[in-house]
Amino acid sequence: MSFTGRLLLIALICVVAYIVVKYATEPPSFNVYGHYRAANLSKQLSKETKFIGKETCQTCHEQEYNDLCSTEPSSAHRDLQCGACHGLGVARPKEGVILSHGCKIPPDVTKQCMYCHEMLPSKPKDMPQITLKGENAHFPGMTCTICHTNTHKPAYYK
Amino acid sequence: MKRRDFIKATGTVTLAAGVYLTVLKPSPVNAKEEKDWLNGYDWNKHYWGFGIDSTKCIGCGSCVRACKEENDVPKDPYHFRCWVERYAHLKGEEKPKVDSPNGGYNSFPDKYKKEEVLKAFFVPKLCNQCAVPPCVQVCPVGATYQTKDGVVLVDNDYCIGCRYCISACPFGARYMNDEAGCADKCTWCYHRITKGLEPACVLACPVGARIFGDLKDENSEINKFIEEHKIITLKPDLGCEAKVAYVGIDSEVR
């Protein structure tokens, strides 16, 4: 075989090898939209959603929802979602009925309140803030709900 | 080279190229296929945008807690899709102090009690879904990609865990999910937004510091937010075109 012939043979082998390897290793949906597997999009889209909005909670917890969203007197917590304090509820309705979810009443109410209302210099000035330690402590050692009885519709204790 | 050889060579190359193009050419996307992969969602109609109003953030960590639950992020203090940083300028110091204890998961302790704070603010961070994403560029296997509606996703099953993308990200938005054995990152809750829901962090925020919406929809919240405020994005000098629009942050924020 001539020199050119051998060169061409090598080139041909390379091309064939490339085709075989590409066929054997490339996933079927690769390069449908781009350099990735399009099949993964389907998986991403079908992932389960967990966090539910308060409109879903309303179906069972009517009173709490009304307190939270009340306008007269205006509830300072009206923009909150239930999950902000009660944890993320994974409600999976079966035939329209939610049988169980992961939400709970915060075990330490004061700690839960202090997530948002702890006095910090980095917070916006119009945010109601208190501190439980030091000179200006706001009733240290007491639970918030002793005075602020309705946490869904909080008002300043007078 | 003789003429005969030349013709032979040309013929072989043409044949090989023909075989390659006819057999291996990526099949054109037809409507049926697109619908199959996207479960009926039309990604050409949307282009998602995110805004953060730092002046409203109270650092409560609701977003961090909600994100970790929604997206099964490991609950240790090292892995975050969404986290909050605190910047504090103290009197007598040139540079701001930055901290993020457990990513803000349990809110922030008041650790600057004894110092005089000149200026302080919270900066919620998440993936910027860059328009020119460096993480996608470096992935050697094509396990991370950009969707047409502007979100960068990770193909968990196809990722080989080489961590190139983690070191390539200028914002530290990626992490190694050791439980799943792959790189992971914030997807703006792609599984939620494609169903018409808001991302978990946006829903959880008690003060409305996070704004999410469709940039292709003229009346969306995010378009209003961008029109009404003077916004900046992080690290514009890198040219990766980060998309999260920030309001009320200093130039120290990177």
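Author: Two residues are taken to be in contact if their C-beta atoms, placed from the backbone, lie within 7 Å, and this is the sense in which one element is said to cover another in what follows. The model discussed here is a predicted one.

Reader: What covers the buried residues of α3(B)?

Author: The cover includes α5 of chain A, and chain B itself contributes β2, β4, α7 and β9 (210-214).

Reader: What makes α3(B) count as largely enclosed by the rest of the structure?

Author: A residue is buried if 20 or more other C-beta atoms lie within 10 Å of its own. Nine of the nine residues of α3(B) are buried, and the helix is therefore largely enclosed by the rest of the structure. The buried residues of α3(B) include the charged side chains R65(B), K68(B), E69(B) and E70(B), alongside S62(B), C63(B), V64(B), A66(B) and C67(B).

Reader: How do you know that N71(B) is buried?

Author: N71(B) has 22 other C-beta atoms within 10 Å, and since the cut-off for a buried residue is 20 or more, N71(B) is called buried. This residue sits in the loop between α3 and β2 of chain B. N71(B) and A180(B), although 109 residues apart in sequence, have C-alpha atoms 12 Å apart in space. Also just after α3(B), D72(B) has a positive phi of about 50°.

Reader: Why is N39(B) called partly exposed?

Author: Partly exposed residues fall between the two limits, 12 or fewer neighbours for exposed and 20 or more for buried; N39(B) has 14 C-beta neighbours inside 10 Å and so counts as partly exposed. N39(B) belongs to the loop between α2 and β1 (48-53) of chain B, and its phi is near 50°, a positive value in a residue other than glycine.

Reader: And what makes R163(B) count as partly exposed?

Author: R163(B) has 13 C-beta neighbours inside 10 Å, a count that also lies between 12 and 20, so R163(B) is partly exposed. In R163(B), too, phi is positive in a residue other than glycine, here near 70°, and the residue lies in the loop between β6 (152-154) and α5 (164-168) of chain B.

Reader: Which residues touch the most other members of the largest nonpolar core?

Author: Within this core of 74 residues, those residues are C82(B), C201(B) and A204(B). The largest share of the core comes from α7(B), with five residues. Leaving aside residues up to four places away in sequence, C82(B) touches C63(B), V64(B), C67(B), L126(B), C186(B) and C201(B); of these, C63(B), V64(B) and C67(B) are buried residues of α3(B).

Reader: How do you know that chain B is more spread out than a compact globule?

Author: The globule rule gives 18 Å for 254 residues, whereas the radius of gyration of chain B is 23 Å, well over that value, and therefore chain B is more spread out than a compact globule. Along its principal axes, the C-alpha trace of chain B spans about 90 × 40 × 35 Å. Chain B is divided into domain 1 (3-38) and domain 2 (43-254), and the C-alpha centres of these domains lie 42 Å apart.

Reader: What is the radius of gyration of chain A, set against that of a compact globule of 158 residues?

Author: A compact globule of 158 residues would have a radius of gyration near 15 Å, but the value for chain A is 30 Å. Chain A has six helices and zero strands, and buried residues make up 20% of its 158 residues.

Reader: What makes the buried residues of α6(A) line one face of the helix?

Author: The buried residues of α6 (residues 109-117) of chain A are Q112(A), C113(A), Y115(A), C116(A) and H117(A). Viewed down the axis of α6(A), they fall within an arc of 165°, and so they line one face of the helix. These buried residues pack against α5 (83-86) of chain A.

Reader: How many residues of chain B are in contact with chain A?

Author: There are 50 such residues of chain B, in contact with 43 residues of chain A. On the chain B side, α1(B) gives the most, with six residues, and the residues of that side divide into 29 nonpolar, eleven polar and ten charged.

Technical notes: Residues numbered from 1 in each chain as written. Chains lettered and ligands numbered in written order. Predicted model: local features only at pLDDT ≥ 70, side-chain atom pairs only at ≥ 80, totals over all residues. Helix = DSSP H or I, 4+ residues; strand = E, 2+ residues; numbered from the N terminus. Rg over C-alpha atoms; globule rule 2.2 N^0.38 Å. Arc of directions from axis to C-beta. Domains from an automatic or database assignment. Core = buried A, V, L, I, M, F, W, Y, C linked by C-beta atoms within 7 Å.
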